[in-house]
Amino acid sequence: MRRAARPLLYAGIVTAVVGLSVYHSRAIADPPYSYTSTSRFGWSLLYIAVLVVVAYGFGLPDLPRSPRQAVTTSVAAAGAGAFVVSVVQLFLGEALLPRFVVFGSAILLVPWYLVCVALAGAGMPAATGDRVLVVSDTVDPSLLREDVARSPERPAIVIEVLPVDAAASNGRGREPLVERADRDRIDLLVLDRDAQASPTIVAQAAAMHESGLRIRTLSLFYEEWLGMLPVSELERVSLMFDIGELHRVRYGRVKRVVDVLFGTVGLFLLALVTPVVLLGNLVANRGPLLYRQTRVGKNGQHFEILKFRTMRAGPDEVPTGWTVEADPRVTPFGRLLRVTHLDELPQVVNILRGDLSLVGPRPEQPHYVEELSQKLPFYDLRHLVRPGLTGWAQVKYGYAGDERDALEKLQYEFYYLRRQSLALDLRIVGRTIRSVLGREGR
């Protein structure tokens, strides 16, 4: 039932909006009208899309961790969807959908959201998921546990990282890997390349596989459970997959059309927000409104990225350091812009210019690119695609504060390059909305 929770939530949204629309057209409206023959049919589909995006953005049905969170999130998600459509109607000066449909759907969906949250298992302890035993000499147990705890694609608990020698049979009938798996009630066994090269480990894994235990290579575990590629696999697989923007022309064209549409809408929002930010900047920041900085884009080309300035003014030619939590350079007003993510809004101009895409690896400063290219394997591969306003590494890991963070993010970026598709782009946009609604920022 947990896997059915999300489809049921979306099905409930469609049922509520369409059902109330049909009922209004036949039983309430005077005179009655044909629901599917009017423009209200198209607007109801837009309302459904808004409710779906907002529900996902608020983390329904899987993120609430207590009954109280479930109630507040469900009410907020339903209310936010109705609010968005109401604002659009107010802006256009026309009742595109009846209030009966807009607010009736919101009211009906709150209890339905709660049902779907319950089906998704909300409120369960965080330490649930597949019990994993890893056999590897190269994996850092603490880093792996951090990655698993951060934002896994599938919940897991790393029970132990076992050295290859400790897992191999000694030839006297003892099977240490089988014994560990039985003792710790392991659900998933993960083998790195060295473990796969050991005949005694493979023999034990084969026996456990026959008994129902799942087996994965280290690379597959990282992909399926963590949404990243392990650094040990980067060099091996870096050329062995298609990249959407390079090898699928249709995807690249559709992606650019979406970028232009988003940039156009964003340009209107930028025009609305700029006067407010300008006033706040004059009072609290007392410096240039926009922050301009050179970044590395597609094919290594340099471009000037635009943001609302959030830090104290300094010499533009001096490269800035890694952004850190509670950065002392950030002004109080700048902190507000970062928390609300309004500082990123001028980048819609970069999107329209073609410097940025909506989704892609975040662009870095040239001096960091030069340093990281010398230290991290195949780092330049990320520059084969257009950088993004948001990206998979951004929503999974966040900001890079040093070279270790840059390496972690590179593993997520390789996953994105390998899986690049419109479906993954949509997931990234949805998770970005969650981040914005969660008021995350530096």
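Biologist: In this predicted model, what follows helix 7, and what is the sign of its phi?

Modeller: Helix 7 is followed by Arg185, and the phi of Arg185 is positive, near 55°. The helix itself spans residues 176-183, and its buried residues are Pro176, Leu177, Val178 and Ala181.

Biologist: Which elements cover the buried residues of helix 7?

Modeller: A general idea helps first: an α-helix has 3.6 residues a turn, so residues three or four places apart point the same way. In this structure, the cover over the buried residues of helix 7 includes strand 1 (130-135), strand 2 (156-162) and strand 3 (188-191), together with helix 6 (164-167) and helix 9 (199-210).

Biologist: How should I read the way two helices pack, for example at what angle helix 1 and helix 4 cross?

Modeller: Helix 1 (residues 5-28) and helix 4 (residues 99-119) have axes that come within 9 Å and cross at roughly 155°. Because angles over 145 degrees count as roughly antiparallel, helix 1 is described as roughly antiparallel to helix 4. Their crossing is right-handed. Among the residues that make this contact are Leu8, Gly12 and Ala16 of helix 1, and Gly104, Leu108 and Trp112 of helix 4. By class, the contact of helix 1 with helix 4 has 17 nonpolar residues, 5 polar and no charged.

Biologist: What is the angle between helix 5 and helix 18, and how far apart are their axes?

Modeller: Helix 5 (residues 141-150) packs on helix 18 (residues 403-419) at an angle of about 55°, and the axes lie 13 Å apart. That angle makes helix 5 oblique to helix 18, and the crossing of the two is right-handed. Helix 5 contributes Leu143, Glu146, Asp147 and Arg150 to the contact, while helix 18 contributes Arg404, Glu408 and Tyr412. Sorted by class, this contact of helix 5 with helix 18 holds 2 nonpolar, no polar and 5 charged residues.

Biologist: Turning to a single residue, is Thr390 buried or exposed?

Modeller: Thr390, which is found in strand 8 (residues 388-390), has a relative accessible area of 8% and is therefore buried, since buried means under 20%. Apart from neighbours within four places in sequence, Thr390 is in contact with Leu358, Val359, Gly360, Arg362, Val395, Ile428 and Thr432.

Biologist: What pLDDT does the protein average, and where is the pLDDT below 50?

Modeller: The protein averages a pLDDT of 85, and 90% of the residues score at least 70. Over residues 122-126, however, the pLDDT is below 50, and this stretch has 7 contacts in the model beyond near neighbours in sequence. Where pLDDT is low, the predicted coordinates should not be read in detail.

Methods: Residues numbered from 1 in each chain as written. Predicted model: local features only at pLDDT ≥ 70, side-chain atom pairs only at ≥ 80, totals over all residues. Heavy atoms only, no water. Buried < 20%, exposed > 50% of the residue type's maximum accessible area, 1.4 Å probe, protein only. Helix = DSSP H or I, 4+ residues; strand = E, 2+ residues; numbered from the N terminus. Contact = heavy atoms within 4.5 Å. pLDDT = per-residue confidence, 0-100. Axes fitted to C-alpha atoms, helices over the stretch in contact; angles between N-to-C directions. Parallel < 35°, antiparallel > 145°, perpendicular 65-115°, else oblique. Left-handed = near helix turned anticlockwise from the far one by under 90°. Nonpolar A, V, L, I, M, F, W, Y, C, P; charged D, E, K, R; others polar.
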